[in-house]
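Here is a short report for a reader who is new to this structure. Look at the sequence and the model first, then read on.

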Amino acid sequence: MAAEEDDTLTHWGGATSLSAWEAVMWRAEGLHQTRSTGVLIELLDREPDWDRLVSAHDRLTSAIPRMRERIVEPPVPIIVPAWSPDPHFDLSYHLQRVRLPGDGSTAELHAFIAQFASRPLDPLRPPWEAVLVNGVHGGRAAYLFKPHHSLTDGLGLLQLLDLTHGHGVDPTPRRSTSRPPARPVSTPASLIAAAALAAPGDLVRGALTGVGRLAGDPLGTASRAVRFGASLRRVLTPVAAPRSPLLCDGGPGYRLLTLDVPLPEMKAAGRAAHGSVNDAFLAAILGGVRRYHEAFALPVDVIPMAIPISLRTDADPLGGNRFAAARFTAPVGEPDPAARIAAIHQFIADARDEPALGFLDLIAPALGALPGPLLSRLAGEMTGAIDVQASNIGGVGRELYLAGARVTGVYPMGPRPGVAAMMTMVSYGGNCCITVNFDPEAITDGDLFATCLRAGFREVTALAETPKPVTRGTTGWGEPAAGSPARG
């Protein structure tokens, strides 16, 4: 491993202290609607070598200090938590293996993943778990990685994938490396002491910075303040859409659906409507949701929807969290997929231009100082006004290998914060790998919902400028692809 790669591994995860927004996500775990744990699902072409997998985890968690750090809470919530080395780190707790007891079908694997996702993480240990699932149909296996959202966002997770996965079946030769320098150990008392020492200096620096900006450009400062205030009013205005009667009553359960859609077709569909892959992804989801409502004779024109928008820049450290949530009135009732793509494209462009897009970063310190039960309730009310969420995490640019096994699909199961369905996508191996995490109490006919979503993706991919002959193929899950006519 090159020295620069070692440095990248060491610094993945960012600062020692959690950001104010990460602290809010960590502390708002009192209700199922506000839990922030997801699962990254990797489907493997074979069962990997267990000893090699364990050795790789031991080596990489040593090289990436954040993976062996837990979150230490101060005695008072006005101080943000911090990352600190876990003195009792036990890899055998974080990495386990199981074998499916039945036929290893997709349904059995999905049921296991839903159960694995529902178990809360131990708050006294580093906030992640992984499990190798053997016995998947056809001699295959699955690797599940379950991190808390305070550890990283979706793009940080893709960075971790690239850093920790091999380039081929055989082990990649690595140069011997020394362990990274010991990280500072935090305790509840040390967090209070550090905050007390830093507070006066932070206040003075903040005041001087504000005075300097005002003195140097008083008109510009005032103009920016007015623009930010107007933007903040727009961002805080409730979504002008009532909740769907089919989607608003739910519980804590999980049910999974996975889809594979050819990436070239999604790209071409987006271009045909002057949009992007992300626009096509969201438009397909809305087409499926429209069909589901029509099947119940309860058509709706719009629903409240939310999507994350990345705030990352090249200057941001690897890992950690750099995103903002954008809510919008989703045009479910629009039958024309090209018109849906255009409307979505315009909304995202407008949202990215909002100066107040990341306003939650400003109020997160105040939210994080609230008692846990109250914070969970407030966060639940904020997320409870939305019907569905969707996130296109990004793409993996190379083929991945895990302890000798080839990764055939990467399926991100996003957390479902009080919404009926969370739909998440990663592009890998020429496919859009889509995972739908939905509430079986809100979406009562899961099979119908799956059929409607597949039809929504077929409708969008039909926009492709140069449509190719459709052939009956199989996805990484051993099922017909979403573009196949077999999907009814």
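## An enclosed helix

Ala20, Trp21, Glu22, Ala23, Val24, Met25, Trp26 and Arg27 are buried in helix 2. Buried means under 20% relative accessible area, exposed means over 50%, and partly exposed lies in between (1.4 Å probe, protein chains only). Helix 2 (residues 20-27) is largely enclosed by the rest of the structure, because eight of its eight residues are buried.

The model is predicted: local features need pLDDT of at least 70, side-chain atom pairs count only at pLDDT 80 or more, and totals for chains, interfaces and linings use all residues. Residues are numbered from 1 along each chain as its sequence is written, and side-chain values use heavy atoms, with hydrogens and water left out.

## The whole chain

The protein chain has 14 helices and 14 strands. These are DSSP runs, numbered from the N terminus: helices are H or I with at least four residues, strands are E with at least two. Of the 488 residues, 50% count as buried. Contact means heavy atoms within 4.5 Å. Among contacts with a separation of 6 or more, 78% join residues 24 or more positions apart.

## Helix 6 and its neighbours

Helix 6 (residues 154-164) has Gly156, Leu157, Leu158, Leu160, Leu161 and Thr164 buried. What do the buried residues of helix 6 pack against? Their partners are helix 3 (50-63) and strands 1 (39-44), 6 (140-147), 10 (388-395), 12 (405-413) and 13 (421-428). At the start of helix 6, a side-chain oxygen of aspartate 153 comes within 3.4 Å of the backbone nitrogen of leucine 155.

Strand 6 holds lysine 146. Lysine 146 counts as buried because its relative accessibility is 0%. A polar atom of its side chain lies 2.8 Å from the backbone oxygen of phenylalanine 116. Leaving out residues up to four places away in sequence, lysine 146 touches ten residues, including Thr37, Trp128 and Glu129.

## Two helices that cross

Helix 10 (residues 277-295) packs on helix 11 (residues 337-352) at an angle of about 125°, with their axes 8 Å apart. That angle makes helix 10 oblique to helix 11. Angles under 35 degrees count as roughly parallel, over 145 as roughly antiparallel, 65 to 115 as roughly perpendicular, and the rest as oblique. Axes are lines fitted to C-alpha atoms, for helices over the stretch in contact, and angles run from 0 to 180 degrees between N-to-C directions.

On the helix 10 side, the residues that meet helix 11 include Leu282, Leu286 and Arg290. On the helix 11 side, they include Ile341, Ile344 and His345. The residues of this contact divide into eight nonpolar, three polar and three charged. Ala, Val, Leu, Ile, Met, Phe, Trp, Tyr, Cys and Pro count as nonpolar, Asp, Glu, Lys and Arg as charged, and the others, Gly among them, as polar.

## Loop residues

Most residues other than glycine have a negative phi. Two loop residues with positive phi are set out here.

| Residue | Phi | Loop | Relative accessibility |
|---|---|---|---|
| Histidine 274 | about 60° | helix 9 (263-272) to helix 10 | 70%, exposed |
| Alanine 297 | near 55° | helix 10 to strand 8 (303-310) | 62%, exposed |

Proline 81 sits in the loop between strand 2 (69-72) and strand 3 (82-85). Is proline 81 buried or exposed? Proline 81 counts as buried, because its relative accessibility is 0%. Its C-alpha atom is separated by 8.6 Å from that of serine 19, 62 residues apart along the chain.

Key: A polar contact is a pair of N or O atoms within 3.5 Å; within protein, one must be able to donate a hydrogen and the other to accept it, and residues adjacent in sequence count only if both atoms are side-chain atoms.
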